[in-house]
Structures are given as C-alpha cells and as structure tokens.
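I opened this notebook to record what I looked up in one protein structure. My two topics were nonpolar cores and salt bridges.

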Amino acid sequence: MLTLDKFEEASEKVKEVTLETKLIYSDFLSEQTGNKVYLKPENMQFTGAYKVRGAYYKISTLSQEERDRGLITASAGNHAQGVAYAAKCYGAKAVIVMPTTTPLIKVNRTKSYGAEVVLHGDVYDEACAYALELAEKEGYTFIHPFDDVTVATGQGTIAMEIFKELPLVEYILVPIGGGGLATGVSTLAKLLNPKIKVIGVEPAGANCMQESFKNGKVTTLPGVNTIADGTAVKTPGTEIFPYIQKNLDDIITVEDDELIGAFLDMVENHKMVVENSGLLTVAALKHLKVKDKRVVSILSGGNMDVITMSSVVQQGLIFRDRIFTVSVLLPDKPGELSKVADTIAREQGNVIKLEHNQFVNTNRNAAVELRITLESFGTSHKEQILKALEKKGYKPRIVRTNL
C-alpha cells in the first residue's frame with residue numbers, strides 16, 4: 001500500500017541523492033494561461049530527471065543479497081540513469097536495457113555511472129521484455145521503471161516538496177509514460193489534500209493510460225509514435241493502475257507540435273532545456289479549462305541530445321513563422337536582386353539564405369526564381385513582409401523551408 005508513512009520515509013531517503021528543485025513562478029506562462037503557474041524543475045536534478053528518486057528508494061529497500069545479484073532494468077533513458085547512479089551509490093552491478101532509438105546522450109550518461117548498457121528493441125516495451133529474459137537467465141534483481149509500488153513511492157516525493165513550498169496548490173500536472181510518477185504524485189497529493197486536482201498528461205501518439213482509463217482496464221496500444229521518447233509506452237503498469245484510477249482526476253493529451261512550441265517557450269523565457277516528455281505539462285497548460293488557479297507543472301527531465309534539440313528549435317521557429325521561405329520571380333537583369341533586398345530590409349526582415357535559379361524559365365529575361373529564407377518576429381511580421389513584396393509588384397509564394 002502507498003501510505004503517508006512510506007512517503008515520508010522515502011522523502012527523507014531521497015534527500016541523500018537529490019538536488020533541491022524549488023518551484024519557479026512563471027510570469028510568462030501565467031500570463032498566457034490566466035492561472036498562477038509554477039514549474040517543478042526536475043530537469044535540474046543531478047541525473048537530469050526525477051527518476052533517481054524512485055530508483056534510489058527502491059534499491060534502499062532491497063536486501064543485500066538482492067543487490068549482490070546485480071540489478072537490471074529497462075528504460076528509454078531517465079530511469080536508466082537513475083538506477084545506474086543509485087546502484088553505484090550502493091556498490092551494486094547494474095545492467096540497463098534501452099531501446100535502440102534512445103538518444104545518445106542518455107546512453108552515454110548511463111554508461112558514465114558505471115552501468116552496462118544493452119540496446120534492444122524499438123520501443124520501451126520490447127526492451128523491457130528482453131530485460132525480464134536476462135533477469136531470469138542471469139539471476140539479476142529486476143527494478144521496474146514504473147509498475148512498482150515502491151518505485152512509485154519514491155517518485156511521489158515530488159508532491160511532498162510541492163506541498164511544503166506551495167501548501168495551497170490547486171492543480172498539479174504530471175507527465176505519464178507508464179504511470180509511476182503519476183501514481184506517486186496523485187496518491188500523495190490526495191492524502192495531503194483530497195480536494196486537489198491532479199491531471200496526467202500524455203503524448204497523443206502514446207496515450208496508453210488514457211485508453212486504459214476509457215476501457216476501465218490496462219490497455220495495450222498497437223504502436224506508439226511521438227517525439228517524447230521518455231513517455232513512448234504501449235502498456236501502462238498493471239500494479240499501479242488501481243491507484244491511477246482512484247487518484248488521477250483527468251488525462252490530457254498533447255500533439256508533438258505543441259511540445260516543439262513549449263520547448264521554445266522554456267528556452268526563451270526560462271533559459272531551461274527540458275526534454276520533450278518533460279514539456280508535456282507545459283503544453284497541457286493551454287488545455288486547462290480553469291482560471292486564477294495555482295497550478296504546478298512538473299518538468300520531469302532535461303536529457304535531450306543536441307541533434308534533437310537542434311531539430312526541435314528549427315521546427316519550432318518554422319511553426320511560429322519566425323523562419324519562412326518565399327519564392328519570387330523577377331527579370332534576370334542587374335539591380336533586381338537589390339530591389340527585393342531593399343524591400344525586405346525596409347520591413348526589418350532578416351535574410352538567412354538566398355537561392356538564385358536561372359533555369360526556372362527558358363526565357364531568362366522573362367523570369368528567374370529567387371528563393372529567400374527569412375527570419376521574422378512572427379506571423380504578423382511575416383504577413384507584413386509579404387504584403388510589401390506584393391505592393392512592389394512581386395508575387396511572393398511561400399515554399400517549404402529546408403534549412
């Protein structure tokens with residue numbers, strides 16, 4: 001059972017390995033949503049995510065014999081690092097099975113804590129099945145990343161910290177992959193204040209808990225498709241599902257495009273890198289149908305590799321019309337390019353790239369194509385630049401940006 005005594009015990013235990021992640025009040029998100037929004041920045045933990053809480057508390061409850069056999073788990077990355085780090089603290093061997101799609105930064109950091117990493121399967125569920133096989137074969141002690149009441153107790157310590165800082169919190173938004181974090185947070189939150197609302201957030205392309213909620217039983221998705229790799233789970237936990245049913249008030253799903261926008265918001269307004277799964281609760285703020293409430297969004301992790309980060313930033317700028325490419329046709333004669341450039345400059349557009357195609361028409365005097373990739377302040381500024389080009393007699397055509 002998840003009891004208040006166990007949560008208090010876990011809260012004291014995890015202090016041995018966690019950093020203090022104090023709530024951050026977000027003026028930007030509060031203004032955007034009409035609520036008083038606070039961020040719980042677990043992306044600032046030593047291992048880059050909250051997962052060290054559950055892993056460390058679970059390992060602390062094991063017998064010496066269980067630790068001596070070696071520990072094994074499966075994870076898309078953050079639980080892997082949590083187990084690897086916690087195992088190192090206890091001097092235990094750790095074997096981590098990770099999906100082959102796991103970002104390199106998570107693989108390398110897991111190895112840096114001394115763990116043996118095995119890459120297997122395309123998604124978490126396949127990696128987990130293989131980890132269970134290895135546990136049976138080699139005699140390792142298996143530590144489930146979410147379907148374990150003790151692990152969930154450790155994750156729930158986040159709620160204890162939230163209440164100590166913000167006793168009058170009214171809403172807590174929590175990311176859901178398999179459901180361990182949501183189980184711990186929602187159960188402890190309801191023990192401390194039965195009137196509080198705890199909302200789970202899933203990627204639309206991996207909404208296994210939402211489907212399970214609808215069906216009243218644990219449901220397996222046929223597949224998952226999301227950029228939020230840390231929450232790309234097909235089957236939620238069966239052991240913890242009853243706690244979720246009892247204590248979670250609702251589940252919101254968000255699209256990948258919303259996560260991309262949320263990443264830009266966090267970088268530009270809070271100077272923080274938050275991974276896609278950790279951004280679920282930020283993207284979900286706009287879906288809340290309440291106003292003037294004290295809301296805490298749990299940022300579950302910040303382990304994003306640089307290549308993914310670069311792609312997310314680029315796509316985010318494109319989605320928000322901060323970068324766009326326009327095609328114009330103009331006569332192939334001296335001075336035409338400068339006229340276009342002057343028109344753009346007068347509207348404060350910033351040219352990033354130019355492509356000049358002389359072979360768009362057999363009659364070069366009639367027309368050559370100029371493709372201009374521009375930086376703007378947003379949609380209204382983009383429209384302002386296009387209208388200026390039209391006014392000068394050009395017929396600008398937006399084309400797909402390919403930086």
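The entries below follow the order in which I looked things up in this predicted model.

**Entry 1: the largest nonpolar core**

I began with the largest nonpolar core, which has 30 residues. Which of them touch the most other members? I noted Ile 162, Val 169, Ile 172, Val 185 and Ile 298. I then asked which helices and strands each supply at least two residues of this core. The helices are α9 (157-165), α10 (180-192) and α12 (241-247), and the strands are β7 (171-175) and β10 (294-299). As background, I wrote down that nonpolar side chains in soluble globular proteins tend to be buried together.

**Entry 2: Val 185 and its contacts**

I next looked up what Val 185 touches, leaving out residues up to four places away in sequence. The contacts are Gln 155, Gly 156, Ile 158, Ala 159, Ile 172, Val 198 and Ile 298. Two of these names, Ile 172 and Ile 298, I had already entered among the core residues that touch the most other members.

I also recorded another core of 29 residues, lying apart from the largest one. Its members include Val 201, Leu 279, Val 282 and Val 312.

**Entry 3: salt bridges**

How many salt bridges does the structure hold? I entered 21. As background, side chains of opposite charge can pair when their charged atoms come close.

I looked up Glu 20 and Lys 22, whose side chains meet in a salt bridge at 3.3 Å, N to O. Are these two residues buried or exposed? Glu 20 counts as exposed because its relative accessibility is 66%, over the 50% cut-off. Lys 22 has 46%, so it counts as partly exposed.

I then turned to Glu 65, which forms a salt bridge with Arg 69, with 3.0 Å between the closest N and O atoms. Glu 65 is partly exposed at 46% relative accessibility, and Arg 69 is partly exposed at 37%.

**Entry 4: a bridge between distant parts of the chain**

I looked up the salt bridge of Arg 294 with Glu 170, where the closest N and O atoms are 3.6 Å apart. Where in the chain do these partners lie? Arg 294 is in strand β10, and Glu 170 is in the loop between α9 and β7. The partners are 124 residues apart, and the pair thus links distant parts of the chain. Arg 294 is partly exposed, with a relative accessible area of 23%, and Glu 170 is partly exposed, with 22%.

**Entry 5: a network**

Last, I recorded a network of salt bridges that links Lys 40, Glu 42, Arg 53 and Glu 161.

Methods:
Residues are numbered from 1 along each chain as its sequence is written. This is a predicted model: local features need pLDDT of at least 70, side-chain atom pairs count only at pLDDT 80 or more; totals for chains, interfaces and linings use all residues. Side-chain values use heavy atoms; hydrogens and water are left out. A nonpolar core is a set of buried Ala, Val, Leu, Ile, Met, Phe, Trp, Tyr and Cys residues joined through side-chain atoms within 4.5 Å. Buried means under 20% relative accessible area, exposed over 50%, partly exposed in between (1.4 Å probe, protein chains only). Helices (H or I, at least four residues) and strands (E, at least two) are DSSP runs, numbered from the N terminus. Contact means heavy atoms within 4.5 Å. A salt bridge is a side-chain nitrogen of Lys or Arg within 4 Å of a carboxyl oxygen of Asp or Glu.
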